[in-house]
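Thanks for coming. I will take a few minutes to walk through one structure, starting with the ligand and then turning to the protein around it.

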Amino acid sequence: MMRAAFIGLGNMGRPMAAALARAGVETRGFDLNASLIEAAASDGVVAARSLRDAIDVADVAITMLQSGDQTLAVWREIAPQGRGKLLIDCSTIDVESARAAHSLAQENGALSVDAPVSGGVAGARAATLTFMCGGAEEAFAAARPILEHMGAHALHCGGAGMGQAAKICNNLMLGVTMIATAEAFVLAERLGLSHRALFEAASISSGQSWSLTSYCPVPEMTPASPANNDYKPGFMTTLMLKDLRLAQEAAARAGAASPLGAAATQLYALHQSADQGAADFSSIIRLIRGE
Ligand code: NAD
């Protein structure tokens, strides 16, 4: 039987570890917050007492943490016990830290994959996440069946760090199209055009996007839209802002122009500072409306 260590049992990690356990993978969970370890135990995830206790008997270790610094801190501890094992980081972090994590694994004889996710907490609960993966072919081939227990799609995007690159490029598009969609609905309101009429016209025209037809920022247009539920997340404004900042940092390093990304970053930062950090990011329409 495959044995996994799952490190970081927060909003995403807990349901992901639970999905692994449901799939019959013996999963040991660890988090700095002991109450989360206890909570995960009720999902069939064995409580680990330490990082070492989690990794010792595992064939694969998965990390789901908040930042590049956290991933590197944990990988520095687990990589020395990683010989012959597979290390997967599912956190959304900067490309440089992801590459540094791969190097740590390589130096210690472990296979490694960066595998950030799209799909949020709902996707984690339903095990329908999309994993965007970077790393060697061999490492991806080993990771794929494990990731498929937690998600619907696992895509190999290229070498070390390319999963993170795909994720931030995707969220750059998402952050910007959501603002454009919100602007169009607010303009429609001012012009006397109904939400329904704009939605129906643009859904089958060239303004169509996922932000419009799956996640519309005004209520009653699309069934899964947080707008239907007073913008309860969903995907929090703070997390969108985090990802846009990562995209801006990457663009600066790579010498790529990202003027709309820069503007979107500023708008979500303004929205967050108006106490909207915990609201779904599509609530940016409130800022555009001047609420
Ligand atoms: P979270 O803050 O709920 O969970 C992170 C957990 O990591 C915390 O419980 C924390 O205690 C734990 N942790 C930190 N350092 C640790 C250490 N050294 N050892 C053990 N545990 C440690 O965050 P989240 O919402 O689950 O997000 C996790 C990652 O997934 C982030 O990188 C985020 O950007 C990304 N992500 C989140 C969402 C979402 O909707 N929440 C969607 C897509 C991607």
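Before the first contact, one term: a polar contact here is a pair of N or O atoms within 3.5 Å. Keep in mind as well that this is a predicted model.

With that cut-off, look at M12. A polar backbone atom of M12 is 2.8 Å from an oxygen atom of the ligand. At D31 the side chain takes part: one of its N or O atoms is 2.6 Å from a ligand oxygen. At L32 the partner on the ligand is a nitrogen atom, 3.3 Å from a polar backbone atom of that residue. As for cover, the ligand on its own has 830 Å² of accessible area, and the protein covers 87% of it.

Now the shell as a whole. There are 23 residues around the ligand, and the ones that come nearest are M12, D31, L65, Q66 and K242. Sorted by class, the shell has 12 nonpolar residues, 8 polar ones and 3 charged ones. Three helices each supply at least two residues of this shell: α4, residues 68-78; α6, residues 120-126; and α11, residues 237-254.

Next, the domains. The domain assignment splits the protein chain into domain 1, residues 3-159, and domain 2, residues 165-289. So where does the ligand sit relative to these two domains? It lies between them, because domain 1 and domain 2 both give residues to the shell around the ligand.

The C-alpha centres of the two domains are 29 Å apart. Their contact takes 11 residues from domain 1 and 9 residues from domain 2. On how to put a figure on that: the size of an interface is often given as the accessible area lost when the parts come together. Here the area buried between domain 1 and domain 2 is about 840 Å², and carbon and sulfur atoms give 65% of that. On the domain 1 side, T92, V95 and M132 supply 46% of the area buried against domain 2, more than any other three residues.

Last, two points about the backbone. P233 and G234 are joined by a cis peptide bond, with omega at about 10 degrees. G234 is in the loop between α10, residues 210-213, and α11, and α11 is one of the helices that supply the ligand shell. The other point is A127, which is not a glycine but has a positive phi of about 55 degrees. A127 is in the loop that runs between α6 and β8, residues 129-134. Helix α6 also supplies residues of the ligand shell.

Technical notes:
Residues numbered from 1 in each chain as written. Predicted model: local features only at pLDDT ≥ 70, side-chain atom pairs only at ≥ 80, totals over all residues. Heavy atoms only, no water. Near = heavy atom within 4 Å. Polar contact = N/O pair within 3.5 Å; in protein donor to acceptor, adjacent residues only side chain to side chain. Areas by Shrake-Rupley, 256 points an atom, 1.4 Å probe, with all protein chains shown as cover. Helix = DSSP H or I, 4+ residues; strand = E, 2+ residues; numbered from the N terminus. Nonpolar A, V, L, I, M, F, W, Y, C, P; charged D, E, K, R; others polar. Domains from an automatic or database assignment. Contact = heavy atoms within 4.5 Å. Buried area = accessible area lost by both parts, 1.4 Å probe.
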